[in-house]
Amino acid sequence: QVQLVESGGGLVQAGGSLRLSCAYSPSNYAMAWFRQGPGKDREFVAAFSRSGYSTSYSDSVKGRFTISRDVAKNTMYLQMNILKPDDTAVYYCAATQRLVFYSRNTSAYDYWGQGTQVTVSS
């Protein structure tokens, strides 16, 4: 049973920073972060390939967010800087063993965490 557990969400003022963590069952995955704001569809945020060498970011977070992973700790991170009210959402980590590269589509991922709330006040 693959498990993904997010943590690190919270309330922060605009311009501030947060770091999300996603602890995962040991294996080799292509992984990603998605988010779902109030009344919105779940959208892609960032991803890296199974090797970890290739990454991708949505245009809305590029230059402000950084995805990374600590293989020894089986943990993926999302460092979020210069946060904006539009970043307010539930953030989900996702993983799949079916891909070598990454995908921006929710349907490509088989395993999901429970989500962690990020609220950015203006």
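Reader: Why is Phe34 called buried?

Author: This is a predicted model. In it, Phe34 has a relative accessible area of 0%. Buried means under 20%, so Phe34 qualifies.

Reader: What makes the pair of Phe34 and Trp112 tilted?

Author: The ring centres are 5.2 Å apart, and the planes meet at 55°. A pair needs centres within 6.5 Å. Planes under 30 degrees apart would be stacked, and over 60 edge-to-face. The angle of 55° fits neither, so the pair is tilted. Phe34 lies in strand β4 and Trp112 in strand β10, 78 residues apart.

Reader: Is Trp112 buried or exposed, and what accessibility decides the class?

Author: Trp112 is partly exposed, at 28% relative accessibility. Buried stops at under 20%, and exposed starts over 50%. The value of 28% lies in between, so partly exposed is the class.

Reader: Which residues form one aromatic cluster with Phe34?

Author: Phe44, Tyr109 and Trp112 join Phe34 in one cluster.

Reader: How many aromatic pairs are there, and what makes the pair of Tyr29 and Tyr111 edge-to-face?

Author: The count is 7 aromatic pairs. For Tyr29 and Tyr111, the centre-to-centre distance is 6.4 Å and the angle between planes is 70°. The distance is within 6.5 Å and the angle is over 60 degrees, so the pair counts as edge-to-face. Tyr29 sits in the loop between β3 and β4, and Tyr111 in strand β10, so the pair ties together parts 82 residues apart in sequence.

Reader: What class of accessibility does Tyr29 have, and what class does Tyr111 have?

Author: Tyr29 is at 1% relative accessibility, so it counts as buried. Tyr111 is at 26%, so partly exposed is its class.

Reader: How do you know that the charged end of Arg42 sits over the ring of Tyr92?

Author: The charged end is 3.7 Å from the ring centre of Tyr92. The limit is 6 Å, with a further condition of 35 degrees from the ring normal. Arg42 also sits over the ring of Trp112, 4.9 Å from its centre.

Reader: Why is the link of Cys22 and Cys93 called a disulfide?

Author: Their sulfur atoms are 2.1 Å apart. The cut-off is 2.5 Å, so the pair is a disulfide. The structure holds 1 disulfide. Cys22 is in strand β3 and Cys93 in strand β9, 71 residues apart. Both cysteines are buried. The link is right-handed, with 60° about the S-S bond.

Reader: Which residues have the most contacts inside the largest nonpolar core?

Author: They are Met31, Trp33, Met76, Leu78, Met80 and Tyr91. This core has 26 residues. Strands β3, β4, β5, β7, β8, β9 and β11 each supply at least two of them. A second, separate core has 7 residues, including Ala32, Phe34, Ala47 and Ala94.

Reader: What does Met80 touch, beyond residues up to four places away in sequence?

Author: Among its contacts are Leu18, Leu20, Phe65, Tyr91 and Val118. Gly16, Ser17 and Arg64 are also touched by Met80.

Reader: Why is Phe101 called partly exposed?

Author: Its relative accessibility is 47%. Exposed needs over 50%, and buried needs under 20%, so Phe101 is partly exposed. Phe101 lies in the loop between β9 and β10. Leaving aside neighbours within four places in sequence, Phe101 is in contact with Ala30, Ser49 and Ser54. The C-alpha atoms of Phe101 and Phe65 are separated by 20 Å.

How values were computed. Residues numbered from 1 in each chain as written. Predicted model: local features only at pLDDT ≥ 70, side-chain atom pairs only at ≥ 80, totals over all residues. Heavy atoms only, no water. Helix = DSSP H or I, 4+ residues; strand = E, 2+ residues; numbered from the N terminus. Buried < 20%, exposed > 50% of the residue type's maximum accessible area, 1.4 Å probe, protein only. Phe/Tyr/Trp six-rings, centres within 6.5 Å; stacked < 30°, edge-to-face > 60°. Core = buried A, V, L, I, M, F, W, Y, C linked by side-chain atoms within 4.5 Å. Contact = heavy atoms within 4.5 Å.
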